[in-house]
Amino acid sequence: MANGEAIKMIVIAAVPYIDTDQPIMAPAAIKGLLSRHGYKSTTLDLNIWLVNLLKNNPNKDAIINFFYTEDINESIIDDIDAIITDAAEQIAAHNPQIIALSLLIYGCQIFTRWLCAKLRQLCPTARIVIGGSGIKSFVAEYDNEYCPTIKNLGLIDAYIHGDADLALPEFVKGNLEFPGINNFEKVALKDINELPYADYSDYNFSLYNNPSVPIVDSRGCVKNCEFCDIIEFWEKFQWRSADTIFKEMLYQIEKCNNTKFEFRSSLVNGNLKEFKQLITLIAEYNTSNPNRQISWAGYFIIRSKNYHDVDMWTKLSKNNATLWLGVESLIPSVRQKMGKPYTNEDLSWHLEASKIYTVPVMLLIIVAYPYETLEDYEFTKQWFRDHKQYAGTVFLLGLSYASILPGTQLARNSSNNIRRHDRLPSVWINQNLNITTAQRLQYYQDLLRICRDECGFAVNDDQVQTLLHTGLHGTAY
Amino acid sequence: MALPIKIKLGLLFGECNGFMNLAVYNQTELLVELNNVKDSEQTLVLDVLFPAKLVFVMSNKDMLTDTKVSDTGEIIADKFVQLTKLHVGYCPVATSKLRDICLFEPENNGVIYDNYWYTNGKATIEFKDKSFTKWHLNLLQNKK
């Protein structure tokens, strides 16, 4: 783009492929940001477009697999070519001077590369910038080849690491020296109460399946769980005040005509004082607006009954809240080492309260955590048998096979006694316990079966097929 | 309106009594001539409308004198052109596939697939599709 050319249009696009039928927030957040700086932009959620496009395509799995692995066969070549071309043409139709591509996950990288190649043809003078947590393989990874490689090829003009709040406006102005532009430094916004409201005006919510409006309440976390890479990225916990969040909710209800929200954060109850104030505001609103009530879903950490008392649960019920509980392990000693020191009694209180006050919960559990023994596996299986009365309240079990993510405290802690595969976080062995990958995978399958078939819990079992397909059970670990 | 594709080629010129001359065509349209090059490594950047057929015409090699061979039969100097790198639409072609896409016709001696052009003659890279991404996808799938 020639220097000094006026920026009349910026296109912000969410790049596929993410297996979700919910709105991707980033383009809307960036549109709000750019608008505050006086720039006109339009947003495209290319992910939902592709999700819907592939719904009835007989080659759906092969096409999605291509965008994760670049495995190709003749039967999908025309499909892939048409998808890339169509996606690029959607962007080019707006005649942008700047194209900002948002990669939510690592799995968006291949699509981005192909898309950028096509965009270079269709929009030869536009500046292309990419960003988002998906520009790296792992959030806490700092040795990253993808961005420098595609920049050196000429596919992009820049990449932005970290939050776009400060860096993107600088890029648009032409300042490429700002931290985080074409390097892996980052500069955080000091006060996220200053964040502009996300602008969903270009989103067609009818494309999504029962959509919620994404909203930010916090960044980072109050805990320092050793397995987590989010805290390696956002080192400090930041929160928006209850008033700020509630005002945005009212704004989005009017703009989007939708009262369902989903908090895009690591936890909604990090700042308990603000959280309780927020749920009070929402409860009062719902009482006054019985036919147009707010509902929301978000990640939630477990604390003792003293903190999460009856009053809180009563209000959560009036909030129409859905909680995704970070349980992580049923073994107290393991949780202690993880950095999650709540008791099993605390967990029982949450389950009982969710049942009494009708607050649906999802339990998020890491299966076969590196410190868990074979006896711990048996304890966990029995725990579900002993708690199957909660199968109705727990609307889903999210059972994740234990991984050691690069850059985390767990990775650092495990360097002496845990042998890890350098590119596959789920392939490792604790040499003190000597439980093989095959044994862990078998346990994972057993646990899924017990939870689902014996105890009646709904379980998310997508991951086990992937693990079996990659043949992890046959590794030397 | 059709838009051109940027093609970037890395070429290595072997020196033996000077370098080869090279003319590059799209079909019959002359795009560039490289005569009397001074450096063995050359980079060409072309803007080409697809479908296209790049034709590389090599000349200026004397087969009797422009390859030097040692007493043991090893080539110690050779006048040649080799395609060492190819980017089509900013997307690199794997080095291992360069041989498969270059149809080389040595002067008076049949045709082979090779990216090392050691005689006068011509070599062709064909882009049959309007879509360069489709060309890449076919190559990925091992089609020519």
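**Entry 1: A402 of chain A.** I looked up the surroundings of A402(A) and found that, leaving aside residues up to four places away in sequence, A402(A) touches I366(A), V367(A), A368(A), Y369(A), P370(A), P425(A), S426(A) and W428(A). I note at the outset that the model is predicted. The residue sits in the loop that runs between β13 (394-401) and α15 (409-413) of chain A. I then compared sequence and space for one of these contacts: A402(A) and A368(A) are 34 residues apart along the chain, while their C-alpha atoms are 5.8 Å apart. Is A402(A) buried or exposed? The relative accessibility of A402(A) is 2%, so I entered A402(A) as buried, the cut-off for that word being under 20%.

**Entry 2: the sheet with β1 in chain A.** I traced an open sheet of five strands in chain A, paired in parallel and ordered β2-β1-β3-β4-β5. Which strands stand at the edges? They are β2 (41-45) and β5 (158-160) of chain A, each of which has a single partner strand, so that one side of each is left without a neighbour in the sheet. From one strand to the next I read an average twist of 20°. Looking at a single pairing, I found that β1 (residues 10-14) of chain A joins β2(A) in the parallel sense over five bridges, and that A13(A) stands opposite L44(A) in β2(A). I also recorded that α5(A) packs on the sheet, where α5(A) touches β3 (98-102) and β4 (127-131) of chain A, and that the direction of α5(A) makes about 170° with that of β3(A).

**Entry 3: α5 against α4 in chain A.** I turned next to the helix pair formed by α4 (residues 77-92) and α5 (residues 109-122) of chain A, whose axes come within 9 Å and cross at roughly 55°. The two helices, α4(A) and α5(A), are therefore oblique to each other, and I noted their crossing as right-handed. On the α4(A) side the contact is made by D81(A), I83(A), I84(A), T85(A), A87(A), A88(A), E89(A), I91(A) and A92(A), which meet F111(A), W114(A), L115(A), K118(A), L119(A) and L122(A) in α5(A). Sorted by character, the residues of this contact are 11 nonpolar, one polar and three charged.

**Entry 4: α5 of chain A against α2 of chain B.** I followed α5(A) across to the other chain, where the axes of α5(A) and α2(B) come within 10 Å and cross at roughly 145°. Here W114(A), A117(A), K118(A) and Q121(A) in α5(A) meet F132(B), T133(B), H136(B), L137(B) and L140(B) in α2(B). The residues of this contact divide into five nonpolar, three polar and one charged. W114(A) and K118(A) appear in the contact with α4(A) and also in the contact with α2(B).

**Entry 5: α2 and its chain.** How many of the nine residues of α2(B) are buried? I counted eight in this helix, residues 132-140 of chain B, and therefore wrote α2(B) down as mostly covered, taking under 20% relative accessible area as buried. Among the buried ones are F132(B), T133(B), H136(B) and L137(B), which also meet α5(A). Just after the helix, N142(B) takes a positive phi of about 80°.

**Entry 6: strands of chain B.** I closed with β5 (residues 52-59) of chain B, which pairs with β2 (residues 21-26) of chain B in the antiparallel sense over six bridges, with L22(B) opposite M58(B). β5(B) also pairs with β13 (residues 121-127) of chain B, in the antiparallel sense over seven bridges, and V55(B) stands opposite T124(B) in β13(B).

Conventions
Residues are numbered from 1 along each chain as its sequence is written. Chains are lettered from A and ligands numbered from 1 in the order in which they are written. This is a predicted model: local features need pLDDT of at least 70, side-chain atom pairs count only at pLDDT 80 or more; totals for chains, interfaces and linings use all residues. Side-chain values use heavy atoms; hydrogens and water are left out. Axes are lines fitted to C-alpha atoms, for helices over the stretch in contact, and angles run from 0 to 180 degrees between N-to-C directions. Helices (H or I, at least four residues) and strands (E, at least two) are DSSP runs, numbered from the N terminus. Angles under 35 degrees count as roughly parallel, over 145 as roughly antiparallel, 65 to 115 as roughly perpendicular and the rest as oblique. A crossing is left-handed if the near helix is turned anticlockwise from the far one by less than a right angle, and right-handed if clockwise. Contact means heavy atoms within 4.5 Å. Ala, Val, Leu, Ile, Met, Phe, Trp, Tyr, Cys and Pro count as nonpolar, Asp, Glu, Lys and Arg as charged, and the others, Gly among them, as polar. Two strands pair if DSSP finds at least two bridges between them. Buried means under 20% relative accessible area, exposed over 50%, partly exposed in between (1.4 Å probe, protein chains only).
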